[in-house]
Amino acid sequence: MIDRLRRYQFLFEELVKRDFKKKYKRTILGMAWSVLSPLLTLLVMKMVFSNFFGRNTEHYTTYLFCGNLIFSYFSESTSQGMSSLVSNSGIFTKVNVPKYLFLMSKNVQTLINFGLTMCVFVVFCVLDRIVFTWKLIFLLYPIILLLLFNFGMGLILSALFVFFQDIQYLWSVFTMLLMYMSAIFYTIDSYSYTVQCLFLLNPVYLFIRYFRKIVIDATIPTVWFHLLMMVDVAVVLGLGCWMYKKYNHRFLYYV
């Protein structure tokens, strides 16, 4: 894959530039929306939920920001990646290029947005009097895994979108349901042990919980927690690669 990326490096770079410019085309604030959008969402959530869930939660602003930061990146990456094949059908139906390049360009664009929001997240942590420790370096682990997880989900969704374009409507409903199941604005402490374990079946919640453990609690999750995240990513990424390999030629007849 690395050799093929080098071969198509110019195309890949142009795709990233095009996707980035296209997103902010004809907008007054441009790239500033990458920061303003999650901040406005955070503001609304804080206004709505702080009186209900934030009274007994220490560093509730950071707690809420962690959840919103991770979920927004996941939602944006998968939603934009879903149409990556169909929207670029005019290219790969005429030129033989690796089809995953189009999805990768979308992922790079959303990763840049995530990085910009991370900078704002650090500022909010300082304002919330979060004490930074050397353990922050462990945030690289969930970020890398989340990047791979989003790519894997993008492979699955973009392949399904070629054959069943209704998937975009189902996915929007599913992501809304997933948001409420990811404990973004509430804690799971009041639930029974069995229910708390069920939350661990949600990969997005695992990434959110990891961030909160490192940033707020300054503790490193257990080894089995690391392994659980890795297994989730491996399953999704493996399934996505298998679907692209199996239906690679059939994509040409359905776009």
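Buried residues account for 47% of the 255 residues in the protein chain, and I should say at once that this is a predicted model, so please hear everything that follows as a description of a prediction. The chain averages a pLDDT of 86, with 88% of the residues scoring at least 70. Among its elements, the lowest mean pLDDT, 65, belongs to helix H1, residues 2-7, while the highest, 96, belongs to helix H11, residues 203-215.

As for the secondary structure, the protein chain has 13 helices and 0 strands. If we take the contacts between residues at least 6 apart in sequence, 78% of them join residues at least 24 apart.

Let me now turn to helix H4, which spans residues 60-82, and to its packing against two other helices. Two packed helices are described by the angle between their axes and by the distance between those axes. How do H4 and helix H7, residues 100-127, cross? Their axes come within 9 Å and cross at roughly 170°, and because an angle over 145 degrees counts as roughly antiparallel, H4 is roughly antiparallel to H7. Sorted by class, the residues in the contact of H4 with H7 are 13 nonpolar, 10 polar and 2 charged.

The second partner is helix H8, residues 140-163, whose axis comes within 8 Å of the axis of H4, the two crossing at roughly 35°; this crossing of H4 and H8 is right-handed. On the H4 side, the residues that meet H8 include Ile70, Tyr73, Phe74 and Met82, and on the H8 side the residues that meet H4 include Leu146, Phe149, Met153, Leu157 and Phe161. Glycine takes part from both helices, with Gly81 in H4 and Gly154 in H8. By class, the contact of H4 with H8 has 10 nonpolar and 6 polar residues, and no charged residues.

I would like to finish with one residue of H4, phenylalanine 71. Is phenylalanine 71 buried or exposed? With a relative accessible area of 8%, phenylalanine 71 is buried, because the cut-off for buried is under 20%. Leaving aside residues up to four places away in sequence, phenylalanine 71 touches Thr175, Leu178, Met179, Ser182, Ile184 and Val204, and of these, Val204 falls within the residue range of H11, 203-215. Isoleucine 208 is also worth locating in the model: phenylalanine 71 and isoleucine 208 are 137 residues apart in sequence, yet 7.9 Å apart in space, C-alpha to C-alpha.

Conventions:
Residues are numbered from 1 along each chain as its sequence is written. This is a predicted model: local features need pLDDT of at least 70, side-chain atom pairs count only at pLDDT 80 or more; totals for chains, interfaces and linings use all residues. Side-chain values use heavy atoms; hydrogens and water are left out. pLDDT is the predictor's confidence in each residue, from 0 to 100. Helices (H or I, at least four residues) and strands (E, at least two) are DSSP runs, numbered from the N terminus. Axes are lines fitted to C-alpha atoms, for helices over the stretch in contact, and angles run from 0 to 180 degrees between N-to-C directions. Angles under 35 degrees count as roughly parallel, over 145 as roughly antiparallel, 65 to 115 as roughly perpendicular and the rest as oblique. Ala, Val, Leu, Ile, Met, Phe, Trp, Tyr, Cys and Pro count as nonpolar, Asp, Glu, Lys and Arg as charged, and the others, Gly among them, as polar. Buried means under 20% relative accessible area, exposed over 50%, partly exposed in between (1.4 Å probe, protein chains only). Contact means heavy atoms within 4.5 Å. A crossing is left-handed if the near helix is turned anticlockwise from the far one by less than a right angle, and right-handed if clockwise.
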